[in-house]
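Colleague: Before I plan around this model, I would like one close look at how its interior is packed. Please start with the smallest space you would discuss, and work outwards from there at whatever length you need.

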Amino acid sequence: MNAPLLSAAEDVVWLRAGEALAASARREAGALAHRLGMSADRVARIELAATEAATNLLRHADDGSLILRVSRAADGAALEILALDIGPGIPDIDAALRDGHSGGGTLGIGLGAISRLSDDFDVHSLDGRGTLVLARFWAPAAAGDLGSRSARAAARHVAGLTRPISGETVCGDAWAARADLAETPGLSGERPPGRVTAMMCDGLGHGPLAARASERARQVFQNSTRTGLRDILQEIHLALRGTRGAAVCLVSADFAARRVEACGAGNVSAFVVDGQRRTALISLPGIVGSHLPSLRVFDAPLPPGATVVVHSDGLKDRWAPGDFPGLFTRQPVMIAGQILGQAGVRRDDAGIVVITTPAS
């Protein structure tokens with residue numbers, strides 16, 4: 001295995017549905033695109049996609065949010081637009097993807113054009129409950145080289161999403177991941193991940209102090225040279241002394257061995273989803289940075305095509321795989337977005353990280 005490819009999301013902007021959503025989406029998307037060094041033409045395409053996504057949300061959804069974020073890996077970065085609503089869903093996605101289709105007087109571009117404008121596109125809808133649309137735009141440094149293909153491979157296997165509590169602009173939850181890439185590229189030229197290790201951190205409380213604890217945990221996780229989950233969590237514990245502390249769960253999915261390990265302290269939930277079955281991974285009581293228990297590493301089988309889901313208590317943990325037909329075959333950011341949208345609570349920060357495994 002080579003050096004790990006680090007992955008995390010930065011500059012996350014949540015925009016609630018409202019009169020100014022389209023203008024705000026265009027402005028914020030353009031600012032993020034400029035920050036990533038996008039060309040004027042790319043910026044215009046991104047602004048157009050953000051405007052149409054926002055307009056569709058206002059015209060067709062009962063309520064929802066537009067999420068703009070920069071997703072970074074060690075050798076690439078992307079701007080992602082996520083339109084997440086709570087209903088009524090799209091009854092005919094194929095029709096919605098056809099050029100010029102518009103059910104309510106929008107720009108008339110339709111999801112099909114957003115798909116062509118973006119480098120990566122996906123849509124998943126739950127009848128009567130909500131739709132998630134993804135448009136991803138890779139930054140110029142990620143165009144064409146082997147490293148960028150590795151970043152794209154990692155993006156297909158791990159992603160996370162955080163949302164601040166209502167009334168706050170910063171989130172007390174944070175996530176990060178390390179993907180150990182295979183030495184030998186696959187047929188596409190990509191080096192697929194052989195192991196993905198991820199962290200979900202929930203800083204105690206809300207606001208800037210909780211966010212500071214979580215950000216410190218993220219930095220330690222990304223900079224650690226340790227490989228054992230217990231050792232990494234001990235490092236995070238020492239670094240969080242003097243902060244509010246946090247609940248932290250680390251998971252490591254070994255694709256070759258078909259096993260997943262978990263080590264955590266505090267109220268963070270972790271599951272292995274295989275078909276309709278959901279198996280919980282144990283996290284011990286405690287506060288990282290304050291009262292750490294005697295740490296243990298738990299492991300479980302990781303069948304081909306299984307999904308690992310880790311989330312803070314800002315999401316209700318009573319969701320079931322059967323509640324999301326067709327979702328667990330999608331890329332991880334789609335899984336994270338839909339579960340957060342359906343299980344997240346507004347009275348708490350929310351964070352989720354998802355690892356998807358190869359089907360064979």
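Modeller: The second largest cavity is lined by A49, A53, I81, A83, I114, V133 and A135, and the elements that give this lining two or more residues are α2 (40-60), β3 and β5. Please keep in mind throughout that this is a predicted model. The space enclosed in this second largest cavity is about 30 Å³, and its lining divides into seven nonpolar residues, with no polar and no charged ones. Two cavities of 30 Å³ or more are counted in total, which leads to the other one.

The largest cavity has a volume of about 130 Å³ and is lined by 18 residues, among which S7, S71, E80, W138 and A155 lie nearest its centre. In contrast to the wholly nonpolar lining just described, the lining here has eleven nonpolar, three polar and four charged residues. At least two lining residues come from each of β2 (64-73), β3 (76-85), β5 (130-138), α5 (146-155) and β6 (158-163). Strands β3 and β5 therefore deserve a second glance, for each gives at least two residues to the lining of the largest cavity, and each also gives two or more to that of the second largest cavity.

Strand β6 carries the description on to an open space, the largest pocket, in which about 540 Å³ of space lies. The elements that give two or more residues to the lining of this pocket are β1 (5-16), β6, β7 (173-181) and α6 (207-223), and the largest share, eight residues, comes from β1. There are 26 lining residues, of which V12, T162, T169, V170 and C171 lie nearest the centre of the pocket. By class, the lining of the largest pocket divides into twelve nonpolar, five polar and nine charged residues. As a separate detail, R163 lies over the face of W14, at 5.8 Å from the ring centre.

Another feature of the packing is its aromatic side chains, where the structure holds three aromatic pairs. One of them joins W319 and F324 edge-to-face, with 6.4 Å from centre to centre and 75° between the planes. W319 has a relative accessible area of 5%, and because buried means under 20%, this residue is classed as buried; F324, at 3%, is buried by that cut-off as well. W319 also pairs with F328, where the ring centres are 6.5 Å apart and the planes meet at 20°, so this pair is stacked. F328, like W319, is buried. Together with F271, the residues W319, F324 and F328 form one aromatic cluster, and a charged side chain adds to the surroundings of W319, as R278 lies over the face of its ring at 4.8 Å from the ring centre.

The loop between β12 (277-281) and β13 (298-301) also merits attention, and two of its valines make a useful contrast. V288 lies in this loop, yet its relative accessible area is 0%, so V288 is buried. Not counting residues up to four places away in sequence, V288 touches L233, I236, H237, L240, G245, A246, V248 and A265. One of these partners, A246, is 42 residues from V288 in sequence, while the two C-alpha atoms are 5.2 Å apart in space. V297 belongs to the loop between β12 and β13 too, but here the relative accessible area is 31%, so V297 is partly exposed. With residues up to four places away in sequence again left out, V297 touches L229, R230, E261, A262 and C263. V297 and I282 are 15 residues apart in sequence and 8.8 Å apart in space, C-alpha to C-alpha.

For the chain as a whole, these details sit within a fold of eight helices and 15 strands. Buried residues make up 57% of the 360 residues in the chain. Among contacts between residues at least 6 apart in sequence, 71% join residues at least 24 apart, and the contact between V288 and A246, residues 42 apart in sequence, is an example of such a pairing.

Definitions and conventions. Residues are numbered from 1 along each chain as its sequence is written. This is a predicted model: local features need pLDDT of at least 70, side-chain atom pairs count only at pLDDT 80 or more; totals for chains, interfaces and linings use all residues. Side-chain values use heavy atoms; hydrogens and water are left out. On a 1 Å grid over the protein atoms alone, a cavity is a set of points where a 1.4 Å probe fits but cannot get out, and a pocket is an open set with protein on both sides within 12 Å along at least five of seven lines; lining residues have an atom within 4 Å of a point. Grid points are joined across faces, edges and corners, and a volume is the space filled by probe spheres set on the points. Helices (H or I, at least four residues) and strands (E, at least two) are DSSP runs, numbered from the N terminus. Ala, Val, Leu, Ile, Met, Phe, Trp, Tyr, Cys and Pro count as nonpolar, Asp, Glu, Lys and Arg as charged, and the others, Gly among them, as polar. Rings of Phe, Tyr and Trp (its six-membered ring) pair if their centres lie within 6.5 Å; planes under 30 degrees apart count as stacked, over 60 as edge-to-face and the rest as tilted. Buried means under 20% relative accessible area, exposed over 50%, partly exposed in between (1.4 Å probe, protein chains only). A charge sits over a ring if NZ of Lys or CZ of Arg is within 6 Å of the ring centre and within 35 degrees of the ring normal. Contact means heavy atoms within 4.5 Å.
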